[in-house]
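Colleague: Got a minute to go through this model with me? I have some short questions.
Modeller: Go ahead.

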Amino acid sequence: MRRKTVLIPAVILLSILSVIVLVLLAQTLWDKSGANRAGQQDLISAPPTVAAATSPPPTPEPTPAPPAYTEAVWVGVGDIMSHSPQLPGAYDAALGVYDFNPFFAEVKDILGQGDWIMANLETPIAGADFGYSGYPAFNAPYELAEALKNAGFNLLSTANNHSLDKGERGLLRTLEHLKELDLQAIGTADSQEEADSLIISEKNGIQMGLLAYTYGTNGIPIPQGKPYLVNLIDEDRIKADIARLKANGADLVTVALHFGNEYQTAPTENQKSLARSLVAAGADIIAGSHPHVIQPYEVIEGFDDQGNEKRSLIIYSMGNFISNQRGDSKDYGVIFKVGVRKNVTERVTTLTDIEAIPTWVHRYKPDRSFRYRILPVEETLAMNNDELLNAGDYDQMKKDFDMLVQRLESMR
Ligand SMILES: [Zn+2]
């Protein structure tokens, strides 16, 4: 890690400086104590720190200024689904509102460690007048977007096969609702002008360019003459968009791709060649979703066009972050936490630590309707004190955790 190679010389330099200061301090004190022995008692009360301050060490050999760094953290999760069984248990009949905050309560602390916090929103949030619906044509309550906001999310990929479930009007209403909550939608737009405008999100002085595309819209045609509504995957276009972001000051680029085959635990050749080709074209993070199960991730070590070392990350699929799907690992997802470090002096940005944190959707039924909670698997196992889980849940989670880690790491 470059962080270490920077720290080591700094530590050595500090040690040398400390020794010089100590030697000078000792000399000064020796001189003073000599003077005191000569009878100047009023100097005895002078604390040694004052003596040190009045005789600064000589300026050390001039060395080139160390590069200045700034850091931020990217956090990404997979699909936010809204299946019909998720609604009744979140409904407060007395108040007539939904409360989806419990979905995210157990992972809010982890999400909060991010600066950019991103998910794939796989449902329109078109408003109550469209009627709420689950699969196959989704529409989730506005309160789901509020809960995402409360959980810390600030970036949502809205380009997926459900973008047009409620038609053009549903897509536009979703964008309005997300704007009200200051949630940045990526991959759908209300006009050509909005589709053409670059999305660059700055955190701690690092400019992150953001793009999102989907393989399709479930056979629902994109309205004639309005291709701006949903970004479709087109390799040449994505490469041009990456180049445009970099030319406009993006230090790094995240590309959310809705692709791959549902329920397949490994990426297709198509996924691999597209993702790798986009990394070669300058993408830093590929945030994959759609298969509804976790797929492996890859870390690509290489060089940028200036010859600087560069790490890029391809996440093929982050699985379901929240859904009603169960079994065959569809009830698992993963939070990716990725360090981003920019050398401000040389204007070079790279990924540092990459952490994959598997999550499980715990579904339980305290009354007539289901409740859902996203649990961080490893932490939940370690704490071993969750009152809503039984021994069977723990056994299953333990087995699944090992399997998921193996799967995640299988392409590293
Ligand atoms: Zn999908």
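Colleague: Start with helices H8 and H9. Are they roughly parallel or roughly antiparallel to each other?
Modeller: This is a predicted model, and in it H8 and H9 run roughly parallel, because their axes cross at roughly 25°, and angles under 35 degrees count as roughly parallel. H8 covers residues 235–247 and H9 covers residues 269–280, with the axes coming within 10 Å.

Colleague: Which hand does the crossing of H8 and H9 have?
Modeller: The crossing is right-handed.

Colleague: And which residues in H8 and H9 meet?
Modeller: From H8, Glu-235, Ile-238, Lys-239 and Ile-242. They meet Leu-274, Ser-277 and Leu-278 of H9. By type, the contact between H8 and H9 has 4 nonpolar residues, 1 polar and 2 charged.

Colleague: What's the spacing logic in a helix, in general? Why do residues three or four places apart point the same way?
Modeller: An α-helix has 3.6 residues a turn, so positions three or four apart point the same way.

Colleague: Switching to the sheet. What is the strand order in the open sheet of 6 strands?
Modeller: The order is E7-E8-E9-E10-E12-E11, and the pairing is mixed. At the edges are E7 (200–203) and E11 (297–303), each of which pairs on one side only. From one strand to the next the twist averages 20°.

Colleague: In what sense do E8 and E9 pair, parallel or antiparallel?
Modeller: Parallel, over 7 bridges, with E9 spanning residues 252–258. Within that region, Tyr-213 stands opposite Leu-257 in E9.

Colleague: Anything odd in the backbone? Where is there a cis peptide bond?
Modeller: Between Tyr-135 and Pro-136, with omega about 5°. Pro-136 sits in the loop that runs between strand E4 (116–121) and helix H5 (142–151). As background, most peptide bonds are trans.

Colleague: What about phi? Which residue in the loop between E8 and H8 should I look at?
Modeller: Asn-218 is in that loop. Asn-218 is not a glycine, yet its phi is positive, about 55°.

Colleague: Is Asn-218 buried or partly exposed?
Modeller: Partly exposed, because 13 other C-beta atoms lie within 10 Å of Asn-218; exposed would require 12 or fewer, and buried 20 or more.

Colleague: Which residue with a positive phi is in the loop between E14 and E15?
Modeller: Arg-347, again not a glycine, with phi about 55°. The loop lies between strand E14 (332–343) and strand E15 (348–364). Arg-347 has 11 C-beta neighbours inside 10 Å and therefore counts as exposed.

Colleague: Back to H5. Which of its residues are buried?
Modeller: Leu-144, Ala-145, Glu-146, Ala-147, Leu-148 and Ala-151.

Colleague: What covers the buried residues of H5?
Modeller: The cover includes strands E1 (69–80) and E4, along with helices H3 (101–104), H4 (108–111) and H6 (167–180).

Colleague: And what comes just after H5?
Modeller: Gly-152, which takes a positive phi of about 115°.

Colleague: Last topic, the chain overall. How many helices and strands does it have?
Modeller: The protein chain has 11 helices and 16 strands. Of its 412 residues, 38% are buried.

Colleague: And what share of the contacts joins residues at least 24 apart?
Modeller: Among contacts between residues at least 6 apart in sequence, 75% join residues at least 24 apart.

Definitions and conventions
Residues numbered from 1 in each chain as written. Predicted model: local features only at pLDDT ≥ 70, side-chain atom pairs only at ≥ 80, totals over all residues. Axes fitted to C-alpha atoms, helices over the stretch in contact; angles between N-to-C directions. Helix = DSSP H or I, 4+ residues; strand = E, 2+ residues; numbered from the N terminus. Parallel < 35°, antiparallel > 145°, perpendicular 65-115°, else oblique. Left-handed = near helix turned anticlockwise from the far one by under 90°. Contact = placed C-beta atoms within 7 Å. Nonpolar A, V, L, I, M, F, W, Y, C, P; charged D, E, K, R; others polar. Pairing = 2+ DSSP bridges.
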